[in-house]
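Please open the model in a viewer with residue selection enabled. The tour proceeds by selection, with a short account at each stop.

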Amino acid sequence: MALSSVMFSSPVATELLEAIEPLDRGAEASPEDQQIVDEITRKLEAVNPTKAPLESDLLNGKWELLYTTSVSILQTTRPKILRSKVNYQAINADILRAQNMESWPFFNQVTADLTPVNAKKVAVKFDYFKIGGLIPVKAPERAVGSLEITYLDEDLRVSRGDKEQEETCMQYGKRFWYVLSEWC
């Protein structure tokens, strides 16, 4: 189902999803596309309804990556057939843990500890990678970063990382429930 057919409470959120929909999670974004998406994202961040995301239950759950500027997540140096088709991130703010998961063809995963820096930002310390979702490999000490949650509502999460990457995620299952409600 097309992202643009999903209903959101904010017209700016709908505008953002329409802008990122043709960009293959960001892998097909030109510098001009990235600038347009960033401008719309900043408009959405300006109306963030959740001022302390780390204290909100909205943060918990499984999130589907819709767009990112991170080359390492997009895997643009690989042939398209060898890139992950969908990426997810599960967050449990109650125990300060996160897990990133790739889909086909490799099903790689990474888990991390989260340390609050303030009400919107966490330091991230990756601890284990799972190659093919099965083979655990301890993460090197240098596998660290930070993530600031700049927008959060019941449907969308926007984050900015320490390497200037931008990520837009949708609560997992949102598309499914919209299709189901259309059928009923």
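The stops below cover the annotated domain, a set of paired strands and several salt bridges.

This is a predicted model, in which local features need pLDDT of at least 70 and side-chain atom pairs count only at pLDDT 80 or more, while totals for chains, interfaces and linings use all residues. Residues are numbered from 1 along each chain as its sequence is written, and side-chain values use heavy atoms, with hydrogens and water left out.

**The annotated domain**

Select residues 14–128 and 139–164, where UniProt, in an unreviewed entry, places the feature "domain: Plastid lipid-associated protein/fibrillin conserved". UniProt positions follow the numbering used here, feature names are shortened, and annotations may be inferred rather than shown by experiment. Residues 14–128 are 23% helix and 31% strand, with end C-alpha atoms 36 Å apart. Residues 139–164 are 0% helix and 58% strand, and their end C-alpha atoms lie 22 Å apart. Helices (H or I, at least four residues) and strands (E, at least two) are DSSP runs, numbered from the N terminus.

**Strands S2, S3 and S4**

Next, select strand S2 (residues 87–92) and strand S3 (residues 97–102), which pair in the antiparallel sense over six bridges; pairing requires that DSSP find at least two bridges between two strands. Four residues separate S2 and S3 in a hairpin, and Leu96 in the turn has a positive phi of about 55°. Add strand S4 (residues 109–116), which runs antiparallel to S3 and is joined to it by five bridges. This second hairpin has six residues between its strands, with Phe107 in the turn at a positive phi of about 60°.

Now centre on Arg97. Its bridge partner in S2 is Asn92, and it stands opposite Asp113 in S4. The side chain of Arg97 also meets that of Asp127 in a salt bridge (2.6 Å, N to O), a term for a side-chain nitrogen of Lys or Arg within 4 Å of a carboxyl oxygen of Asp or Glu. This pair links strand S3 to strand S5 (residues 121–131), 30 residues apart. Asp127 is buried at 15% relative accessibility, whereas Arg97 is partly exposed at 24%; buried means under 20% relative accessible area, exposed over 50%, and partly exposed in between (1.4 Å probe, protein chains only).

**Salt bridges of helix H2**

The structure holds eleven salt bridges. Select Lys43 and Glu15, whose side chains meet at 3.1 Å, N to O. Lys43 lies in helix H2 (residues 31–46) and Glu15 in helix H1 (residues 11–20), so the pair ties together parts 28 residues apart in sequence.

Finally, select Arg160 and Asp38, which form a salt bridge with the closest N and O atoms 2.9 Å apart. Arg160 belongs to strand S8 (residues 156–161) and Asp38 to helix H2, so parts 122 residues apart in sequence are tied together. Arg160 is buried at 18%, as is Asp38 at 19%. Extend the selection to the network of salt bridges that links Asp38, Arg42, Glu45, Arg160 and Glu166.
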